[in-house]
Amino acid sequence: MYRSLLPHDMFAELDRLQREMSRSFDYSPSIRGMARGGFPAMNVGGTPHSVEIYAFAPGIDPAGIEVQIEKGVLVIAGERPSALPAGDAKANVHIDERFAGAFRRVVTLPDDVDPDKVTARYRDGVLHISIKRRETSLPRRISVQ
Amino acid sequence: MNDKTDVARKEEARAAAESALMPPVDVFEDATGITLLADLPGVPKDRLHLQVEAEALTIEAEVALEVPEGMEATHAEVNLPRYRRVFTLSRELDTDKVSAEFRNGVLTLRIPKAEHAQPKRIEVEVA
């Protein structure tokens, strides 16, 4: 009797719901606007002596990861090849969720880090970058004369 | 009443302890079997648990990162220390012959098809 003029409405509605749900879980957006779920996922933390950055980048040749600090900005870039069989191979792809291709993520560093004191290690698919803070920025006791 | 709220609280704590991230996977199939790749960054080899039971494949893994003392997290995208994902396998897969490799946070599982489910190649002999 009654037919919707837009039969795709239901799917649009589902799509919107899904987007809203994923947004409500997204409570810590990055300042540089990189969407959450970008590759690699990153955790950032700090101690009084250092800034610690963890980039979750599994399945990458460590030699191929480019880590750069320039003007207080840390850039992590590289490429992850696709593991899926080539199009002409006799194989069916059932699920394709893993990231493939070039990636680049940028983190703004605090002002007090020392770009000369950086260590970067790749272990279990996680790139751990540790940057020391400058000594001068540590809290110091000033004696009153 | 007190008992009940206690039980409810315990249930809640259990659910929170068991919530896990869903690792992204690639799955592809060829004539001889299925290959599954899963991203599990931050998981050491001994914290990865694979289980096949009643045609369900369960991948469970715990994240263990080297964290310096006194670190305060300011931004976390990987915000749970655990991964879990369950797949239903089909009957023609030979679960006794699953092989697994885990390198640089990527798990590669190969699940071959049972002999009878594999396409047979008939050799043509030239007389």
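Modeller: Before we start, one definition will help: two strands count as paired if DSSP finds at least two bridges between them. The model above is predicted, and in chain B strand β1 (residues 25–30) and strand β2 (residues 33–39) are joined by six bridges and run antiparallel.

Colleague: Thanks, that helps. Which residue in β2(B) is the bridge partner of Asp30(B)?

Modeller: Asp30(B) has Gly33(B) as its bridge partner in β2(B).

Colleague: And in chain A, how many bridges join β1 to β2?

Modeller: Six bridges link β1 (residues 41–46) of chain A with β2 (residues 50–56) of chain A, again in the antiparallel sense. For one pair to look at, Val44(A) stands opposite Ile53(A) in β2(A).

Colleague: Let me step back to the chains. What are the elements of chain A, and in which order do they run?

Modeller: Chain A has one helix and eight strands, and from the N terminus on they run α-β-β-β-β-β-β-β-β. Chain B also contains one helix and eight strands, which run α-β-β-β-β-β-β-β-β from its N terminus.

Colleague: Now the sheets. In what order do the strands of the sheet that holds β1(B) and β2(B) stand?

Modeller: To read an open sheet, follow the pairings from one edge to the other. Here five strands stand in the order β5(A)-β1(B)-β2(B)-β8(B)-β7(B), with antiparallel pairing. The edges are β5 (92–96) of chain A and β7 (99–103) of chain B, each of which pairs on one side only. From one strand to the next, the twist averages 10°.

Colleague: What is the order in the sheet that holds β1(A) and β2(A), and which strands stand at its edges?

Modeller: That open sheet has five strands in the order β7(A)-β8(A)-β2(A)-β1(A)-β5(B), and the pairing is antiparallel. At the edges stand β7 (113–123) of chain A and β5 (72–76) of chain B; each has a single partner strand, so one side of each is left without a neighbour in the sheet. The twist averages 20° from one strand to the next in this sheet.

Colleague: Back to chain B for a moment. Which residue takes a positive phi in the hairpin of β7(B) and β8(B)?

Modeller: Start with the pairing: β7(B) and β8(B) are antiparallel over five bridges, and Phe102(B) has Leu107(B) as its bridge partner in β8(B). Two residues lie between the strands of this hairpin, where Asn104(B) takes a positive phi near 50°.

Colleague: How should I read the nonpolar cores, and which residues of the largest one touch the most other members?

Modeller: The general idea is that nonpolar side chains tend to be buried together in soluble globular proteins. In this model the largest nonpolar core has 26 residues, of which Leu36(B), Leu40(B), Val43(B), Leu48(B), Tyr83(B) and Leu107(B) touch the most other members. Two or more residues of this core come from each of β2 of chain A and β1, β2, β4 (56–62), β6 (82–88) and β8 (106–112) of chain B. Take Leu36(B): beyond its neighbours within four places in sequence, its contacts include Val25(B), Leu57(B), Ile59(B), Phe87(B) and Leu107(B). A second, separate core holds 19 residues, among them Phe39(A), Ile65(A), Val113(A) and Ile129(A).

Colleague: Is Gly42(B) buried or exposed?

Modeller: The cut-off for buried is under 20% relative accessible area. Gly42(B) therefore counts as buried, at 1% relative accessibility. Gly42(B) sits in the loop between β2 and β3 (48–53) of chain B. Leaving out residues up to four places away in sequence, Gly42(B) touches Asp124(A), Val126(A), Glu62(B), Val63(B), Ala64(B) and Leu65(B). Its C-alpha atom and that of Gly105(B), 63 residues apart along the chain, are separated by 6.4 Å.

Colleague: So to the interface: how many residues of chain A are in contact with chain B, and what area is buried between the chains?

Modeller: Interface size is often given as the accessible area lost when the parts come together. In this case 40 residues of chain A are in contact with 38 residues of chain B. About 3100 Å² is buried between the two chains, with carbon and sulfur atoms giving 51% of that area. On the chain A side, Glu97(A), Arg98(A) and Asp124(A) lose the most area to chain B, together 20% of what that side buries.

Colleague: Last one: how much of each chain counts as buried?

Modeller: In chain A, 32% of the 145 residues count as buried; in chain B, buried residues make up 34% of 127.

Methods
Residues numbered from 1 in each chain as written. Chains lettered and ligands numbered in written order. Predicted model: local features only at pLDDT ≥ 70, side-chain atom pairs only at ≥ 80, totals over all residues. Heavy atoms only, no water. Helix = DSSP H or I, 4+ residues; strand = E, 2+ residues; numbered from the N terminus. Axes fitted to C-alpha atoms, helices over the stretch in contact; angles between N-to-C directions. Buried < 20%, exposed > 50% of the residue type's maximum accessible area, 1.4 Å probe, protein only. Core = buried A, V, L, I, M, F, W, Y, C linked by side-chain atoms within 4.5 Å. Contact = heavy atoms within 4.5 Å. Buried area = accessible area lost by both parts, 1.4 Å probe.
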